[in-house]
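Reader: I would like a close look at a single part of this model, namely the aromatic pairing and the helix packing around it. Please take me through the geometry step by step.

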Amino acid sequence: AISLGSPLLVITDNVNDNNLVNYVQEKQIGLVISNSNIQNENQKILDELISKFNVYQKNCIKLYAEEFLMKNNLKKYLDIIQKLNAN
């Protein structure tokens, strides 16, 4: 989803101390909803997702390019190996 620029919608019972929730919120790549609020706030949730869609989409594409592209991750490994060889 992230590679295609599709914002994430995380619905969870546990918003606190949740690594996925923290990651999505920190990177601004989607919307986090507490399971207990979902039925009472449908329109508010939809409005927020629509209003921030372009921001979430842009952040998803940027995040994918920075953190998940195989080319970039292989370069990180090669850099580490080169540093080890230099020592």
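**The aromatic pair and the helix contact**

Author: The model is a predicted one, and the part you ask about is best entered through its rings. A pair of aromatic rings is described by the distance of the centres and the angle of the planes. The count here comes to one aromatic pair, formed by Tyr64 and Phe68, whose centres are 6.4 Å apart and whose planes make an angle of 25 degrees. Because planes under 30 degrees apart count as stacked, this pair is classed as stacked. Both residues belong to helix α3, which covers residues 53-68, and because they are four residues apart in that helix, about one helical turn separates them. As for exposure, Tyr64 has a relative accessibility of 28% and therefore counts as partly exposed, and Phe68, at 39%, is likewise partly exposed.

Phe68 also leads to the neighbouring element, since it is one of the α3 residues that make the contact with helix α4. Two packed helices are described by the angle between their axes and the distance between the axes. For α3 and α4, the latter spanning residues 70-86, the angle is about 30 degrees and the axes lie 6 Å apart. On the α3 side the contact is made by Ala65, Glu66, Glu67 and Phe68, while α4 contributes Met70, Asn72, Asn73 and Lys76. In character, the residues of this contact divide into three nonpolar, two polar and three charged.

Terms used. Residues are numbered from 1 along each chain as its sequence is written. This is a predicted model: local features need pLDDT of at least 70, side-chain atom pairs count only at pLDDT 80 or more; totals for chains, interfaces and linings use all residues. Side-chain values use heavy atoms; hydrogens and water are left out. Rings of Phe, Tyr and Trp (its six-membered ring) pair if their centres lie within 6.5 Å; planes under 30 degrees apart count as stacked, over 60 as edge-to-face and the rest as tilted. Helices (H or I, at least four residues) and strands (E, at least two) are DSSP runs, numbered from the N terminus. Buried means under 20% relative accessible area, exposed over 50%, partly exposed in between (1.4 Å probe, protein chains only). Axes are lines fitted to C-alpha atoms, for helices over the stretch in contact, and angles run from 0 to 180 degrees between N-to-C directions. Contact means heavy atoms within 4.5 Å. Ala, Val, Leu, Ile, Met, Phe, Trp, Tyr, Cys and Pro count as nonpolar, Asp, Glu, Lys and Arg as charged, and the others, Gly among them, as polar.
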